[in-house]
Amino acid sequence: MERAMRKTSNNRIWEIDMARGILIILMIIFHIFFNLDYFYNIPINYSHGVINVLRNIVASLFILISGICTFFSRSSFRRGLIIFFAAIAITLATYLFNSEEYIVFGILHMLSICMLISPVLKKLNKGWLFALMALILLISVLISDIKVNNNYLCMFGLRNKNFTSLDYYPLLPWSLFFVAGILLGKTVYREKKSIFSFQVKDNFINLIGRHSLLVYLVHQPVILAIMSLIFQLKKWQNTILSFLKK
């Protein structure tokens, strides 16, 4: 009975869905900032300063939560395949839009690889997972100063100075947070139930969290369409005002 009370009606742990929903909303906000900076040349300083720090924190937490969710999942390999093909579709779409600047290896690419190997990761005990995290961190530090002539190993963080990707989350070091999520699953969520003694009813944020992949895939085209309409209306308004002033 207690276990049932700590889960939502569809047998999901409510705080995981809520956390993922909040992080998706924050990622959408950051993508709005990116669009304003990249497409409309509004100086938001997206890639530097406070915004850059905050978006990296949000991305780290999102990857961490994904690791926890993968610990719960019985079909993580299948989900990894789905996300992998979704990531490839995003690469193709962004390449067709701009072949000089597109998403080469973004956060979905990285998560898909992690999920595809997750059946092995979930079999490791807590000690081996902690050791793996330390190894990922060590290798990430060691390769940070390595200079390469090509970008064939960009998925591992090795790229030359000419490398560009609109979204870039290499396995080294970002997979560290995914492994940490699985480790947290084995410790904090080892009983696979909520760690809170109270329940929160289903809400809009939890709904977003439950459908995070779908929301992530569709939000950018929707945002771009809305922003295009807004800026076009503003342009028309300025044209009309200029005409009336004559």
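These legends accompany an overview and several close-up views of a predicted model.

**Figure 1. Overview of the all-helical protein chain.** The secondary structure amounts to ten helices and zero strands. Read from the N terminus, the order is α-α-α-α-α-α-α-α-α-α. The C-alpha trace spans about 75 × 50 × 30 Å along its principal axes. The chain holds 246 residues, and 40% of them are buried. Among contacts with a separation of 6 or more, 76% join residues 24 or more positions apart.

**Figure 2. Surface and charge of the protein chain.** The exposed area is about 14800 Å². Carbon and sulfur atoms contribute 68% of that area. Charged side chains number 25 positive and 10 negative. The centres of these two sets lie 4 Å apart.

**Figure 3. Close-up of Thr91 and its partner His109.** Thr91 sits in helix α4, which covers residues 76-97. Thr91 counts as buried because its relative accessibility is 14%, and the cut-off for buried is under 20%. The side chains of Thr91 and His109 form a polar contact at 2.7 Å. Setting aside neighbours within four places in sequence, Thr91 touches Tyr102, Ile103, Val104 and His109. His109 thus appears both in this contact list and as the polar partner of the Thr91 side chain.

**Figure 4. Close-up of the cis peptide bond between Leu172 and Pro173.** Most peptide bonds are trans. The bond joining Leu172 and Pro173 is cis. Its omega is about 15°. Pro173 belongs to helix α8, residues 171-187.

**Figure 5. Close-up of Asn41 in the loop between α2 and α3**. Helix α2 covers 14-38 and helix α3 covers 49-72, with Asn41 in the loop between them. Most residues other than glycine have a negative phi. Asn41 is not a glycine, yet its phi is positive, about 55°. Asn41 counts as exposed because its relative accessibility is 64%, and exposed means over 50%.

**Figure 6. Close-up of Lys192 in the loop between α8 and α9**. Helix α9 covers 204-210, and Lys192 is found in the loop between α8 and α9. Lys192 is another residue to view for its backbone. Its phi is positive, near 55°, in a residue other than glycine. The relative accessible area of Lys192 is 32%, so this residue is partly exposed. That class lies between the cut-offs for buried, under 20%, and exposed, over 50%.

Methods:
Residues numbered from 1 in each chain as written. Predicted model: local features only at pLDDT ≥ 70, side-chain atom pairs only at ≥ 80, totals over all residues. Heavy atoms only, no water. Helix = DSSP H or I, 4+ residues; strand = E, 2+ residues; numbered from the N terminus. Buried < 20%, exposed > 50% of the residue type's maximum accessible area, 1.4 Å probe, protein only. Contact = heavy atoms within 4.5 Å. Areas by Shrake-Rupley, 256 points an atom, 1.4 Å probe, with all protein chains shown as cover. Lys, Arg positive; Asp, Glu negative; His and termini not counted. Charge placed at Lys NZ, Arg CZ, Asp CG, Glu CD. Polar contact = N/O pair within 3.5 Å; in protein donor to acceptor, adjacent residues only side chain to side chain.
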